[in-house]
Amino acid sequence: MKARAVIVAACLAALFGFSATVQAQGGFGPPELTLVPVKDNIYTIRNMGAGNVTVLVGKTAVILIDAKFPQDHDGIVKLLRSITDVPVRYVINTHMHPDHVGGNPAMQMIGADVIASENGRRIMAERQTPGLPNIAMRDYLRIYLDDMPIDLYYYGRGHTDNDIVIHLPTKGILVSGDLFALYGPYRAVIDYSAGGSLRDWTRTLDRVLQLDFDTVIPGHSGLTDRDNVQGYKAYLTGTQEMVRAMNKQKRSRDEIKAMLQSQFNWGGLEMAVGLDGVINEMQ
């Protein structure tokens with residue numbers, strides 16, 4: 001189980017990203033690590049090889065949301081030093097997949113504390129993932145960068161059972177992690193080995209959409225907006241309804257697989273980690 005989970009997680013970036021069509025800022029990202037200004041003291045660091053890093057720059061400290069793979073660390077630090085000389089104080093992990101937490105050990109070596117959900121830390125410990133978070137939250141945590149509040153929420157299962165979102169209430173920004181990772185087109189990687197759930201994902205997004213935001217930094221794509229999150233919820237709802245209807249019609253696994261591929265853009269990774277789980281969950 002551990003070996004399979006590691007392989008699945010390591011494949012998330014490649015299969016989730018490279019096969020996606022790029023439309024506007026959707027798709028996976030540029031080939032090289034790229035620093036993208038968002039608003040005021042907020043940036044993202046993007047590339048096609050791993051999840052986004054969100055950078056929050058304060059007067060005396062930097063907070064990062066996610067840390068990519070280990071091999072990205074030096075490039076991330078180089079980009080940080082192009083905008084600030086202050087140290088990294090916290091790294092917030094949106095969830096436990098390696099393309100988001102692989103850089104934890106190197107960030108800890110330069111003095112950063114790592115924050116994650118309790119479930120995320122638990123799974124990382126079970127899988128002997130290096131760089132375990134030393135701060136774990138249950139449902140809610142607020143931290144401050146200077147006078148800017150940063151709200152962390154765990155709302156329930158979706159992509160995994162340990163996804164958190166980060167809300168910047170004074171900026172109108174949501175950092176969604178892989179609860180909303182990709183658009184242009186939408187995709188749905190449901191990692192049942194890490195507690196993911198298609199059924200619960202829409203309920204979790206309902207809670208996310210109660211927050212006040214207009215700008216969204218997804219887990220992998222470029223900047224987008226609230227409407228795209230609502231569109232993604234509709235996409236997941238449609239997936240639920242179609243699989244549930246085909247189950248009632250006693251349609252075969254292969255027929256459901258073909259439907260998900262043709263109508264909902266499921267590829268190899270989605271099938272590998274989610275097909276049987278979705279069929280069972282939508283009974």
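A salt bridge is taken here as a side-chain nitrogen of Lys or Arg within 4 Å of a carboxyl oxygen of Asp or Glu. In this predicted model, the side chains of Glu270 and Arg187 meet that criterion, with an N to O distance of 2.8 Å. Because Glu270 belongs to helix 9 whereas Arg187 sits in the loop between strand 11 (173-177) and helix 6, this pair ties together parts of the chain that are 83 residues apart in sequence. Both Glu270 and Arg187 are buried. By the same rule, the count comes to 13 salt bridges.

Arg157 takes part in two of the pairings described here, one with Asp200 and one with Glu281. In the pairing with Asp200, the closest N and O atoms are 3.1 Å apart, and the contact links distant parts of the chain, since Asp200 is in helix 6 and Arg157 is in the loop between strand 9 and strand 10, 43 residues apart. In the pairing with Glu281, the closest N and O atoms are 3.9 Å apart; here the link runs from helix 9 (residues 268-281), which holds Glu281, to the loop between strand 9 and strand 10, which holds Arg157, across 124 residues. With respect to solvent, Asp200 is buried, having a relative accessible area of 13%, and Glu281 likewise counts as buried at 15% relative accessibility, whereas Arg157, at 26%, counts as partly exposed.

The salt bridge between Glu270 and Arg187 has an N to O distance of 2.8 Å, and a further set of salt bridges that share partners joins Arg157, Arg199, Asp200, Arg203 and Glu281 into one network.

The loop between strand 9 (148-154) and strand 10 (164-168) also contains His159, which is buried because its relative accessible area of 1% falls under the 20% limit. The side chain of His159 makes a polar contact with the side chain of His97, at 3.1 Å, while a polar atom of the His159 side chain lies 2.7 Å from the backbone oxygen of Val189. The side chain of His159 is thus placed in relation to one side chain, that of His97, and to one backbone atom, that of Val189.

On the surface, Asp212, Asp214, Asp225 and Asp227 gather in a patch of negative charge. One of these residues, Asp214, is placed in the loop between helix 6 (198-208) and strand 12 (215-218).

Definitions and conventions: Residues numbered from 1 in each chain as written. Predicted model: local features only at pLDDT ≥ 70, side-chain atom pairs only at ≥ 80, totals over all residues. Heavy atoms only, no water. Helix = DSSP H or I, 4+ residues; strand = E, 2+ residues; numbered from the N terminus. Buried < 20%, exposed > 50% of the residue type's maximum accessible area, 1.4 Å probe, protein only. Polar contact = N/O pair within 3.5 Å; in protein donor to acceptor, adjacent residues only side chain to side chain. Patch = residues over 30% accessible without salt bridge, like charges linked within 9 Å, V, L, I, M, F, W, Y side chains within 5 Å. Areas by Shrake-Rupley, 256 points an atom, 1.4 Å probe, with all protein chains shown as cover. Lys, Arg positive; Asp, Glu negative; His and termini not counted. Charge placed at Lys NZ, Arg CZ, Asp CG, Glu CD.
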